[in-house]
Amino acid sequence: MQPRGRLARALRSIDDRSLQYFRAAFDAGSIRGAAEAMGVAPSVVSRAVRAIELNLGVPLLERDRRGIRATVAGELLAQHAQERWRLDERLIEELSAVEGGERGIVRFAIGEGFIAATFRTRTARFLATHPNVTLHAETAGTEQMLERLAAGELDLALAFSPRLTPALECLAEAATPVFAVMSKDHPYAGAERLPLSAFADVPSALQLTRYGTRRAIEQAEWLGGFRLRKQVESNSIALLLEFAREGSGVTFLPRFAIRGIDGGLATVALTDGPLIGARSMLLKKRGRTLGAAAQLFAADIAAMMARLGRFDDTP
């Protein structure tokens, strides 16, 4: 074995207690002083120092008229011990911060529509309160979120109308019905409630099939025995809303998705069961233990979800 490898192995074999005895002798300048400081017999300190010297193959302490003094190797080991304990203390502090939710990484996926619903400002407040938490956030369709949750790639996902499987656990949910969204000049803009079938002959802009809103609409179509006239399919809510705002036709979204950006738009409640009963859910992988930071973030999102329902309770 090369000397470097032998020394590395020898250094790793030194236990903390022996290192403490050596450092006490180094600081005290005598074996007896170290023994008194550590509350042990001088022979215990001597044996510990000798064992380290034998392990490393170099002398650490030399006797002189005033007691003992460190060799060059002893000086290096004393510095190493101090740095090692300093790093240990730093790690303990950081682990304590992680355990308390003050530090950590949260991997989170969210449907685009939720961003307009106070998520943006609420997240800013959360991160201001927890400055050492890093949020890895991305937008995704419902099906993609569920796949990534099940694969363990995400801590949390906020999804609209997801298909729950045994692999997923719902932490919070809110009733978030789907509304028809159209220009304020549209003939149906003044209606209070309509079935989805009323829009069967109206050009429609729909989300892609991997999104929960689209799946709820398809369920309503199947139950009603009709098909909407799809003119646009997109993963962009901004594009769907622009289609509706310009009077080209209608789109269908939970009303929270247009909160704050609904200028020139009107919403009409829909009476179909799959659309009235649509729910948004905060999910995690079943059996996955969330870190403290993710738990705090989940509680914050759950509080936001209580407001999502209230947005849609008021026409």
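Student: Which residue in S13 stands opposite Ala-159?
Tutor: First, this is a predicted model, with residues numbered from 1 along each chain as its sequence is written; side-chain values use heavy atoms and leave out hydrogens and water. S13 is a strand covering residues 279–285 (strands are DSSP E runs of at least two residues, helices H or I runs of at least four, both numbered from the N terminus). Go along S13 until you are facing Ala-159, and you land on Met-281.

Student: Over how many bridges do S5 and S13 pair?
Tutor: These two do pair (DSSP has to find at least two bridges between the strands). S5 and S13 run in the antiparallel sense, and their bridges number four.

Student: What is the strand order in the open sheet of five strands?
Tutor: Start at the edges: S4 (132–139) and S6 (168–175) each pair on one side only. The pairing in this sheet is mixed, and the twist averages 20 degrees from one strand to the next. Reading across, you get S4-S3-S5-S13-S6.

Student: What angle does the direction of H7 make with that of S5?
Tutor: H7 packs on this sheet and touches S3 (103–110), S4, S5, S6 and S13 (contact is heavy atoms within 4.5 Å). Axes are lines fitted to C-alpha atoms, for helices over the stretch in contact, and angles run from 0 to 180 degrees between N-to-C directions. For H7 and S5, that gives about 155 degrees.

Student: Which strands are the edges of the open sheet of six strands?
Tutor: This sheet also has mixed pairing, and its order is S8-S12-S7-S11-S9-S10. An edge strand here pairs on one side only. That leaves residues 193–194 and 229–234, known as S8 and S10.

Student: What is the bridge partner of Ala-180 in S12?
Tutor: S7 (residues 178–183) pairs with S12 (residues 265–270). The two run in the antiparallel sense, over five bridges. Across from Ala-180, the partner in S12 is Val-268.

Student: Where is the pLDDT below 50?
Tutor: pLDDT is the predictor's confidence in each residue, from 0 to 100, and the protein chain averages 85, with 90% of the residues scoring at least 70. Local features need pLDDT of at least 70, side-chain atom pairs count only at pLDDT 80 or more, and totals for chains, interfaces and linings use all residues. The stretch you're after has twelve contacts in the model beyond near neighbours in sequence. Its pLDDT is below 50 over residues 311–315.
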